[in-house]
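Please work through the following exercises with the sequence and the model side by side, trying each task before reading its solution.

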Amino acid sequence: MKKIIIINGPNLNLLGKREPNIYGSLTFMEFFETVKEKYPEVSLEHFQSNIEGELIDKLQEAGFAYDGIILNAAAYTHTSVGIGDAVKAIETPVVEVHISNTFSREEFRHQSYISPNSHGVILGFGLQSYELAIQSFL
């Protein structure tokens, strides 16, 4: 059984409430439960933090123990050299995910410190971006 973890960064705990025109009205946990049911052959876990260091700690912990990491670092994508370095330092492949199409948003969101070290990048498909990332590991 493949072991995959989804790691979400800042403000993603507000999905379902935050800017529903961009992020939709479903909470992440509602979405996560449906995905777990859809992929019973996958051991699927989830971690969320608004704190950069906690995200780095989780990447380091998961980076040698999982078959895949799905990372939505949210705003840290565009600012955190530390998270980019953590992705580079671990063995587990990381798929960078974004709910919105970051290239259709503000200019600063066009830069990612994670992409150069990621196995792949999926963005702009709403919450389905996570499901596409899961499928990439199967």
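**Exercise 1.** Decide whether Lys-36 is buried, partly exposed or exposed, and find the residue whose side chain meets that of Lys-36 in a salt bridge.

*Solution.* In this predicted model, the relative accessibility of Lys-36 is 33%, and because partly exposed residues are those between the buried limit of 20% and the exposed limit of 50%, Lys-36 counts as partly exposed. The next step is to look for the partner, which is Glu-33, with the N to O distance of the salt bridge at 3.6 Å. Glu-33 is likewise partly exposed, with a relative accessible area of 36%. Finally, both residues belong to helix α2, where they are three residues apart, about one turn of the helix.

**Exercise 2.** The structure holds three salt bridges; which parts of the chain does the pair of Lys-38 and Glu-131 link?

*Solution.* Begin with the contact itself: the closest N and O atoms of Lys-38 and Glu-131 are 2.6 Å apart. Then place each residue, and Lys-38 turns out to lie in helix α2 and Glu-131 in helix α5, 93 residues apart, so that distant parts of the chain are linked. Glu-131 has a relative accessibility of 12%, and counts as buried.

**Exercise 3.** Describe the surroundings of Lys-58, naming its salt-bridge partner and the ring over which its charged end sits.

*Solution.* The side chain of Lys-58 meets that of Glu-61 in a salt bridge of 3.1 Å, taken from N to O, and the two residues are three apart in helix α3, a separation of about one helical turn. The burial of the partners is then compared with the cut-offs: Lys-58 is buried at a relative accessible area of 16%, while Glu-61 is partly exposed at 48%. As a last step, turn to the ring, which belongs to Phe-47, with the charged end of Lys-58 sitting over it, 5.0 Å from its centre.

**Exercise 4.** The structure holds four aromatic pairs; is the pair of Phe-28 and Phe-32 stacked, tilted or edge-to-face?

*Solution.* A pair of aromatic rings is described by the distance of the centres and the angle of the planes. For Phe-28 and Phe-32 the centres are 5.9 Å apart and the planes are at 20 degrees, and because planes under 30 degrees apart count as stacked, the pair is stacked. Both residues lie in helix α2, four residues apart, about one turn of the helix. Phe-28 is buried at a relative accessible area of 5%, and Phe-32 is buried as well, at 4%.

A second pair is formed by Phe-31 and Tyr-130, whose ring centres are 6.0 Å apart and whose planes are at 50 degrees, so this pair is tilted. Here Phe-31 is in helix α2 and Tyr-130 in helix α5, 99 residues apart, and both are buried. Ring pairs link Phe-28, Phe-31, Phe-32 and Tyr-130 into a cluster.

**Exercise 5.** Which members of the largest nonpolar core touch the most other members?

*Solution.* The core has 23 residues, and the ones sought are Phe-28, Leu-44, Ile-70 and Tyr-130. Next, see which elements give two or more residues to this core: they are β1, α2, β2, β4 and α5. To follow one member further, take Leu-44, which touches residues including Ile-4, Ile-6, Phe-32 and Lys-36, when residues up to four places away in sequence are not counted.

Definitions and conventions
Residues numbered from 1 in each chain as written. Predicted model: local features only at pLDDT ≥ 70, side-chain atom pairs only at ≥ 80, totals over all residues. Heavy atoms only, no water. Phe/Tyr/Trp six-rings, centres within 6.5 Å; stacked < 30°, edge-to-face > 60°. Buried < 20%, exposed > 50% of the residue type's maximum accessible area, 1.4 Å probe, protein only. Lys NZ or Arg CZ within 6 Å of the ring centre and 35° of its normal. Core = buried A, V, L, I, M, F, W, Y, C linked by side-chain atoms within 4.5 Å. Contact = heavy atoms within 4.5 Å. Salt bridge = Lys/Arg side-chain N within 4 Å of Asp/Glu carboxyl O.
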